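Dear colleague,

I am passing on the structure we spoke about, and below it I have set down what came out of going through it. Please read the notes with the coordinates open beside them.

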Amino acid sequence: MRITVTTKNGKHYGTVHAADRVVYATPGYFTEGMALADVKCWLAFHGGNMEEREPRSIRFETVKCGRCEGMGRRTDRPDWAPNHKGICYRCHGDGTVLTAAGYRAQQAYIAERDAALNTTWGELEDGEAFWYDGKCYAKGQHPWLILFDKTTVRRHNGPVCRAIWKDIARRYKGAELVY
Ligand SMILES: [Zn+2]
């Protein structure tokens with residue numbers, strides 16, 4: 001990764017290069033310092049591996065829910081109201097459901113992720129970040145959260161997770177990377 005500041009027509013432009021690509025270019029500034037500050041801000045936020053554009057997430061293919069016609073909730077259907085406040089039980093109010101291809105990709109993703117990252121509370125290092133019951137913690141930093149040594153938790157590891165997203169998106173047509 002390389003930073004350059006160039007001057008054109010009295011304005012200063014900061015540019016971040018990774019390998020042979022430009023990954024970020026600032027607007028024109030009146031001083032070189034301002035252009036450089038913009039670049040540093042961008043790096044602080046997007047830092048890490050600059051050699052390759054990294055996905056933020058993975059998305060599985062969905063279609064509009066046929067039961068609620070994408071509304072998620074129907075107030076015009078009195079027969080839906082009593083049990084679910086009108087919320088569609090097929091899509092749980094999302095208005096979308098996974099396609100068959102999306103579902104296959106999601107199942108493959110969960111299996112691969114759990115195989116790579118699942119561990120037990122006893123195996124975690126002190127201070128290591130992990131997922132438990134849908135929330136992210138760091139071991140020892142939440143005194144109220146003490147688990148049994150054999151309790152399954154999932155390590156929070158960005159690089160491993162991103163590698164799995166890429167693998168799944170490459171192998172399954174029901175998945176795509178989110179940048
Ligand atoms: Zn629905």
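R170 and D167 form a salt bridge in which the closest N and O atoms are 2.7 Å apart; this is a predicted model, and everything that follows should be read with that in mind. Both residues belong to helix α4, where they are 3 residues apart, or about one turn of the helix. The two partners differ in their surroundings, since R170 is exposed, with a relative accessible area of 63%, whereas D167 has a relative accessible area of 15% and is therefore buried.

D167 also takes part in a salt bridge with R171, again with an N to O distance of 2.7 Å. R171 lies in helix α4 as well, 4 residues from D167, which is likewise about one turn of the helix. With a relative accessible area of 46%, R171 counts as partly exposed. Through salt bridges that share partners, E112, D167, R170 and R171 are joined into one network.

Over the whole structure, the search finds 10 salt bridges, and another of those that involve helix α4 is the one between E54 and K166, whose closest N and O atoms are 3.2 Å apart. This pair connects distant parts of the chain, because E54 sits in the loop between α1 (32–46) and β4 (57–60) while K166 sits in helix α4, 112 residues away. Both partners are partly exposed, E54 at 23% relative accessibility and K166 at 26%.

Helix α4, which spans residues 158–171, also holds W165. W165 is counted as buried because its relative accessibility is 12%, below the 20% limit used for that class. Apart from residues up to four places away in sequence, W165 touches P55, R56, S57, I58, Y109 and L177. As a reference for distance across the model, the C-alpha atoms of W165 and Y29, which are 136 residues apart along the chain, are separated by 38 Å.

The metal site deserves a separate look. Which atoms coordinate the zinc ion? The donors are the SG atoms of C65, C68, C88 and C91, at 2.3 to 2.4 Å. Along the chain these donors follow the spacing C-x2-C-x19-C-x2-C. Within this set, C65 and C88 link distant parts of the chain, with C65 in the loop between β5 (62–64) and α2 (81–84) and C88 in the loop between α2 and β6 (96–98), 23 residues apart. C65 and C88 are both buried. Why is the arrangement around the zinc ion called tetrahedral? The 4 donor atoms subtend angles of 105 to 115 degrees, and the arrangement is tetrahedral for that reason, the criterion being that all angles lie between 85 and 135 degrees. For comparison, the ideal angle for four tetrahedral donors at a metal is 109.5 degrees.

One further residue is worth having on the list. T15 is placed in strand β2, which covers residues 11–18, and it is buried, with a relative accessible area of 12%. Leaving aside neighbours within four places in sequence, T15 is in contact with R2, I3, T4, V22, Y24, A25 and V39.

With best regards

Notes: Residues numbered from 1 in each chain as written. Predicted model: local features only at pLDDT ≥ 70, side-chain atom pairs only at ≥ 80, totals over all residues. Heavy atoms only, no water. Donors = N, O, S within 2.8 Å, 3.2 Å for Na, K, Ca; no water. Tetrahedral: all angles 85-135°; square planar, octahedral: opposite > 155°, others 65-115°. Helix = DSSP H or I, 4+ residues; strand = E, 2+ residues; numbered from the N terminus. Buried < 20%, exposed > 50% of the residue type's maximum accessible area, 1.4 Å probe, protein only. Contact = heavy atoms within 4.5 Å. Salt bridge = Lys/Arg side-chain N within 4 Å of Asp/Glu carboxyl O.
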